[in-house]
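Q: I am new to this structure and would like to learn how its features are read. Could you take me through them one at a time?

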Amino acid sequence: MDPVNIEHNGSGTSEIGPAGYLPRLVDERMSVALRTMPAVVVEGPRACGKTWTGRHFAASAVYLDERVNAALAAGIDPASILDGETPRLLDEWQIAPAVWNTMRRACDARGLRGQFILTGSADPPDDITRHSGAGRIMRVPMRTMSLFESGESSGDVSFQSLIDGEPCTAADGGLSLGDVVALACRGGWPQQLAADLPTATGAARAYLDEISRTDVSRVDGAERDPTRVRRLLASIARNVATEVRHTVLAADTATAGEPPLERRTVASYLAALGRLFVVEEIPAWRPHIASRAQARNSAKIHLVDPSLTVAALRLTVDMLMRDLSFVGRLFESMALRDLQIYAAAIECSLSHYRDSHHLEVDAIIEHPDGRWAAAEIKLGGSEAIDKGAESLLRLRARLKGGRTGAPARLAVVTATGFAYERPDGVCVVPLTSLRP
């Protein structure tokens with residue numbers, strides 16, 4: 001039988017990954033997961049590097065495609081796909097979903113850890129994974145590359161050290177605001193790191209075209225209008241890093257020749273884009289507050305990589321530099337991408353805060369041991385940094401005396417410059433100096 005594309009390393013003891021693999025922060029979580037569970041599911045947007053990471057840890061691989069799905073539908077035993085040296089990579093498994101339950105049963109029968117690595121760029125409907133795999137399967141989320149992973153952050157300031165209260169100092173990395181905006185336009189896609197900017201931005205536009213034309217309908221079998229999907233993606237991009245309601249997104253999709261989308265259509269499209277890991281939400285933080293202010297519970301919406309925001313609006317670096325207000329929100333989106341990656345690397349969670357007294361804080365980082373830190377994200381400049389520090393200090397005062405406790409650290413994350421600690425104790429850290 002040869003219905004699939006299979007790779008073996010010949011020994012079962014070393015990786016089959018291609019030469020030139022760039023280490024990812026998710027690698028440590030992969031190692032732990034394979035030592036802990038029979039199967040690991042790596043999930044994230046298409047082209048973020050899941051297959052390369054899977055191959056880096058696998059001893060054999062099978063690349064599931066439409067031919068495999070057809071073969072399974074014709075009666076080929078899915079168990080035969082699982083035969084091979086372990087860990088065995090099942091790449092883009094959701095294309096041939098019949099392997100899920102067979103894989104789960106194989107985990108039970110073998111009773112061994114580190115048997116399978118499944119990668120997927122779409123989260124299938126619940127009926128496909130109705131047997132959750134609890135006790136057998138660990139999910140490892142993966143995103144595009146952070147600035148530290150792609151080599152644009154010096155890593156002089158550790159994310160963990162901030163929470164631990166260690167000194168916060170770093171030299172100016174030498175990047176200008178225009179350089180950072182260009183990095184946002186290029187994005188964190190592994191295949192585009194060495195590309196020139198026109199090539200990288202063209203790839204991001206093609207990515208969204210493919211998402212709109214094919215993927216958003218394939219993910220759950222519901223037919224969707226590509227033109228309407230593109231209009232919604234542009235609306236999400238215009239409202240990036242805000243707590244935008246579905247009704248606002250719907251109204252924003254109107255054009256000179258087309259009426260706005262209905263709210264229910266927006267909800268359906270967002271759900272599909274979420275299954276593709278293209279759109280994600282930063283949840284709201286709900287601490288215990290001693291004052292009368294009430295925490296809000298609306299999430300902030302983002303495209304998974306800042307390059308997609310740029311691509312959806314067909315912007316360039318020059319166009320962006322003429323609109324620094326929008327650049328501020330684009331930078332916030334890029335910073336939150338990196339902060340999510342760094343937080344996950346040290347098992348922290350990330351959320352945002354807004355209350356009824358109009359106090360907003362961009363990022364709340366919660367450590368498993370109960371400590372928490374807060375960060376405001378600003379392009380830079382003394383006025384903006386002062387404003388960010390003021391919000392952070394107001395949050396600390398608002399929570400004083402409550403059960404949440406005092407923050408372990410307050411920080412303003414900037415685009416460029418030095419890292420230092422202010423007299424009021426607020427740390428100022430460029431994104432280009434951070435690592436986990």
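A: Let us begin with a single residue: glutamate 92 lies in the loop between β4 and α4, where helices (H or I, at least four residues) and strands (E, at least two) are DSSP runs numbered from the N terminus. Glutamate 92 has a positive phi of about 55 degrees although it is not a glycine, and at 14% relative accessibility glutamate 92 counts as buried; buried means under 20% relative accessible area, exposed over 50% and partly exposed in between, with a 1.4 Å probe and protein chains only. This is a predicted model, in which local features need pLDDT of at least 70 and side-chain atom pairs count only at pLDDT 80 or more, while totals for chains, interfaces and linings use all residues. Residues are numbered from 1 along each chain as its sequence is written, and side-chain values use heavy atoms, with hydrogens and water left out.

Q: Glutamate 347 also has a positive phi although it is not a glycine, so to speak a second case; is glutamate 347 buried or exposed?

A: Glutamate 347, with a phi of about 60 degrees, is found in the loop between α14 (324-345) and β10 (349-354), and at 63% relative accessibility it counts as exposed.

Q: What does the protein chain come to in helices and strands, and what percentage of its residues count as buried?

A: The secondary structure of the protein chain comes to 15 helices and 16 strands, and 53% of its 436 residues count as buried. A contact means heavy atoms within 4.5 Å, and among contacts in the protein chain between residues at least 6 apart in sequence, 74% join residues at least 24 apart.

Q: Which residues does glycine 114 touch, not counting residues up to four places away in sequence?

A: Glycine 114, found in the loop between α4 (99-110) and β5 (116-120), touches Leu34, Met37, Pro38, Thr86 and Pro87 when those neighbours are not counted. Glycine 114 is buried, with a relative accessible area of 9%, and its C-alpha is 5.9 Å from that of alanine 39, although the two are 75 residues apart in sequence. Two of the residues just named deserve a second look: the peptide bond from threonine 86 to proline 87 is cis, with omega near 0 degrees, and proline 87 has its place in the loop between α3 (66-73) and β4 (88-91).

Q: How is a salt bridge read, and how many does the count come to?

A: Side chains of opposite charge can pair when their charged atoms come close. A salt bridge is a side-chain nitrogen of Lys or Arg within 4 Å of a carboxyl oxygen of Asp or Glu, and by this rule the count comes to 22. In one of them, the side chains of arginine 139 and glutamate 43 meet at 2.5 Å, N to O. Arginine 139 lies in strand β6 (residues 137-141) and glutamate 43 in strand β2 (residues 39-43), so the pair ties together parts that are 96 residues apart in sequence. Arginine 139 is partly exposed, with a relative accessible area of 36%, whereas glutamate 43, at 16% relative accessibility, counts as buried. Another salt bridge joins glutamate 376 and lysine 378, whose closest N and O atoms are 3.8 Å apart, and both of these residues are buried.

Q: Which side chain of opposite charge is nearest to arginine 231?

A: It is glutamate 258, 4.1 Å away, and arginine 231 is buried yet has no salt bridge; here Lys and Arg count as positive and Asp and Glu as negative, while His and the chain ends are not counted. Arginine 231 is found in helix α9 (residues 226-238), and a polar atom of its side chain lies 2.5 Å from the backbone oxygen of proline 259.

Q: At what angle do α9 and helix α11 pack?

A: Helix α9 and helix α11 (residues 263-275) pack at an angle of about 80 degrees, with their axes 11 Å apart. That makes α9 roughly perpendicular to α11, since angles of 65 to 115 degrees count as roughly perpendicular, under 35 as roughly parallel, over 145 as roughly antiparallel and the rest as oblique. Axes are lines fitted to C-alpha atoms, for helices over the stretch in contact, and angles run from 0 to 180 degrees between N-to-C directions. The contact is made by Arg228, Val229, Leu232, Leu233 and Ile236 of α9 and Val266, Tyr269, Leu270 and Leu273 of α11.

Conventions. Polar contact = N/O pair within 3.5 Å; in protein donor to acceptor, adjacent residues only side chain to side chain.
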